[in-house]
Amino acid sequence: MESRSNKFGRKKDKKIGKLHKSYDAYLMELIEVTQEKWHKQKVLMRKSFEYDPNLEYEEKKAEARYFYLFKEARRRQLRSK
């Protein structure tokens, strides 16, 4: 008798594989966009004449978001193409 997990698991594995690939592509694109935003915030901080806590907050937030996505990509063992 065939086990239930083998009988129904194959289609689910293929479907999950497709979802992972599409999510991986989305994650790589999101990392690039987030990195650009972070660098723009850094440049804006450097070019500002006065200290602005809101600029610093936005820059730190963009940095944290980028590194979170970067760690997620490393955990998933993604490589840029």
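This report describes the aromatic pairs, the nonpolar core and some contacts between two helices in a predicted model.

**Aromatic pairs**

Four aromatic pairs turn up when the whole structure is searched. One of them joins W38 and F67 in an edge-to-face arrangement, with 5.4 Å from centre to centre and 65° between the planes. This pair connects distant parts of the chain, since W38 belongs to helix α1 (residues 4-47) and F67 to helix α2 (residues 53-75), 29 residues apart. Another pair is made by Y66 and F67, and it is also edge-to-face. The table gives the geometry of these two pairs.

| Pair | Centre to centre | Angle between planes |
|---|---|---|
| W38 and F67 | 5.4 Å | 65° |
| Y66 and F67 | 5.3 Å | 65° |

Both angles in the table count as edge-to-face because the cut-off for that class is over 60 degrees. Through ring pairs, W38, Y66, F67 and F70 are joined into a cluster.

The members of this cluster can also be described by their accessibility. W38 has a relative accessibility of 9%, so this residue counts as buried. Y66 is buried too, with a relative accessible area of 9%. F67, in contrast, is partly exposed at 36%. The cut-off for buried is under 20%, which means that F67 falls outside that class.

The ring of W38 has a further partner: the charged end of K42 sits over it, 4.7 Å from the ring centre.

**The nonpolar core**

Which residues make up the largest nonpolar core? There are eight: L27, I31, W38, A62, Y66, L69, A73 and L78. Helices α1 and α2 each contribute at least two residues to this core, and the largest share, four residues, is from α2. W38 and Y66 therefore appear both in this core and in the aromatic cluster. In soluble globular proteins, nonpolar side chains tend to be buried together.

**Contacts of L69 and T34**

Two residues show how the surroundings of the core are arranged. L69, a core member, touches L27, L30, I31 and T34 when residues up to four places away in sequence are not counted. Of these, L27 and I31 are themselves listed in the core.

T34 is located in helix α1. Is this residue buried or exposed? T34 counts as buried, at 7% relative accessibility. With neighbours within four places in sequence left aside, T34 is in contact with A62, R65, Y66 and L69. Among these partners, A62, Y66 and L69 belong to the largest nonpolar core.

Conventions
Residues are numbered from 1 along each chain as its sequence is written. This is a predicted model: local features need pLDDT of at least 70, side-chain atom pairs count only at pLDDT 80 or more; totals for chains, interfaces and linings use all residues. Side-chain values use heavy atoms; hydrogens and water are left out. Rings of Phe, Tyr and Trp (its six-membered ring) pair if their centres lie within 6.5 Å; planes under 30 degrees apart count as stacked, over 60 as edge-to-face and the rest as tilted. Buried means under 20% relative accessible area, exposed over 50%, partly exposed in between (1.4 Å probe, protein chains only). A charge sits over a ring if NZ of Lys or CZ of Arg is within 6 Å of the ring centre and within 35 degrees of the ring normal. Contact means heavy atoms within 4.5 Å. A nonpolar core is a set of buried Ala, Val, Leu, Ile, Met, Phe, Trp, Tyr and Cys residues joined through side-chain atoms within 4.5 Å.
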